[in-house]
Amino acid sequence: MDLLIEGLIAFLIVGAGFFGIVGSFGLAKLPDLMTRLHGPTKATTLGIGGVLIASMLFFLWERGHFSWHELLITLFLFLTAPITANFIAKSFLHRRMSRRTELPPTGSSKGWATFDGPPIGADGEPMAIAPADRPGGRDGERG
Amino acid sequence: MTLLLKKLFPHPLLTATLTVVWLMLVNGVSAGSVIMGLILGTIVPFLTAPFWPDRPTVRNPVRIAAYILIVLWDIVRANIHVAYLVLFVPSAKLRTRFVTVPLELTSAEAITVLAGTITMTPGTVSADVSGDGRALLIHCLDAPDPDAVVAEIKQRYEGRLKEIFE
């Protein structure tokens with residue numbers, strides 16, 4: 001049984017390492033910024049996930065106590081990875097203004113929020129959750 | 001009294017979540033850490049209340065669990081698929097493109113979760129939202145058929161999120 005668990009942990013770590021390398025390789029190989037975003041947001045998620053599951057198994061089996069920190073790392077990873085990707089995609093849209101014409105139409109009356117003001121919710125209020133009366137306002141954030 | 005409670009705990013769900021996260025961070029349950037967690041769970045929602053004017057409505061805990069499992073499974077699929085694309089498909093052969101996904105969701109929280117889900121799952125990254133919040137801009141790594149991508153996102157994620165949030 002010990003051997004089986006150890007084998008499983010080893011398999012998870014090696015598999016995680018493989019996906020980590022593939023993600024980093026994708027970063028180097030893919031041709032432009034938007035495609036490069038796909039490597040780090042995905043392949044590394046499974047890479048880190050595998051290491052975390054292996055770590056939980058190890059502490060549960062070898063040390064006999066359950067470790068919550070791995071679940072927290074997963075939680076924070078899932079919160080931060082999409083937001084980082086969004087920031088990079090947004091700065092890409094800002095810097096390549098020529099891309100404006102290359103984007104598909106929104107299919108509604110307003111354009112994409114990066115070029116055409118903040119999103120407006122169904123109630124007619126801006127959907128951004130920042131308080132409206134903050135000094136500088138939303139326009140202050142525009143680079 | 002209820003008004004005072006509402007002012008002190010503008011987001012009970014956030015309070016509970018922060019307390020649990022603190023206990024996980026401490027890696028164990030004791031009286032001291034529960035009290036510390038509750039203090040943090042009270043102060044943080046109180047100070048950040050202006051950023052959360054409405055309380056998001058969340059229903060169906062079972063549906064949320066099902067959604068999380070589906071997304072986790074899709075992340076595993078996404079990893080294998082992207083790994084295949086990176087290793088075996090020449091960059092010139094990738095059919096990368098931007099795709100518009102029209103939205104039926106209206107709450108900001110639901111759209112945020114959908115955008116995050118799209119970024120974490122097969123070959124897609126969400127890039128922008130339309131000015132009126134009715135469409136998402138998605139970048140696909142390899143999409144021979146953009147309509148199929150839109151249909152899958154709407155059927156697999158948006159429908160489920162609609163049941164959870166609205």
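**Reading chain B, step by step**

Q: How do strands β2(B) and β3(B) pair, and over how many bridges?
A: Two strands pair if DSSP finds at least two bridges between them. Here β2(B) (residues 124–129) and β3(B) (residues 135–140) are antiparallel, with five bridges. One of the matched residues is D128(B), whose bridge partner in β3(B) is L137(B).

Q: What kind of model is this, and how are its parts numbered?
A: It is a predicted model, where local features need pLDDT of at least 70, side-chain atom pairs count only at pLDDT 80 or more, and totals for chains, interfaces and linings use all residues. Residues are numbered from 1 along each chain as its sequence is written, while chains are lettered from A and ligands numbered from 1 in the order in which they are written.

Q: What joins β2(B) to β3(B) in the hairpin?
A: Five residues lie between them, and G133(B) in the turn has a positive phi of about 70°.

Q: How do I read two packed helices?
A: They are described by the angle between their axes and the distance between the axes. Axes are lines fitted to C-alpha atoms, for helices over the stretch in contact, and angles run from 0 to 180 degrees between N-to-C directions. Helices α5(B) (residues 108–120) and α6(B) (residues 146–165) pack at about 150°, their axes 10 Å apart.

Q: Which elements does chain B contain, and in what order?
A: Helices (H or I, at least four residues) and strands (E, at least two) are DSSP runs, numbered from the N terminus. Chain B has six helices and three strands, running α-α-α-α-β-α-β-β-α from the N terminus.
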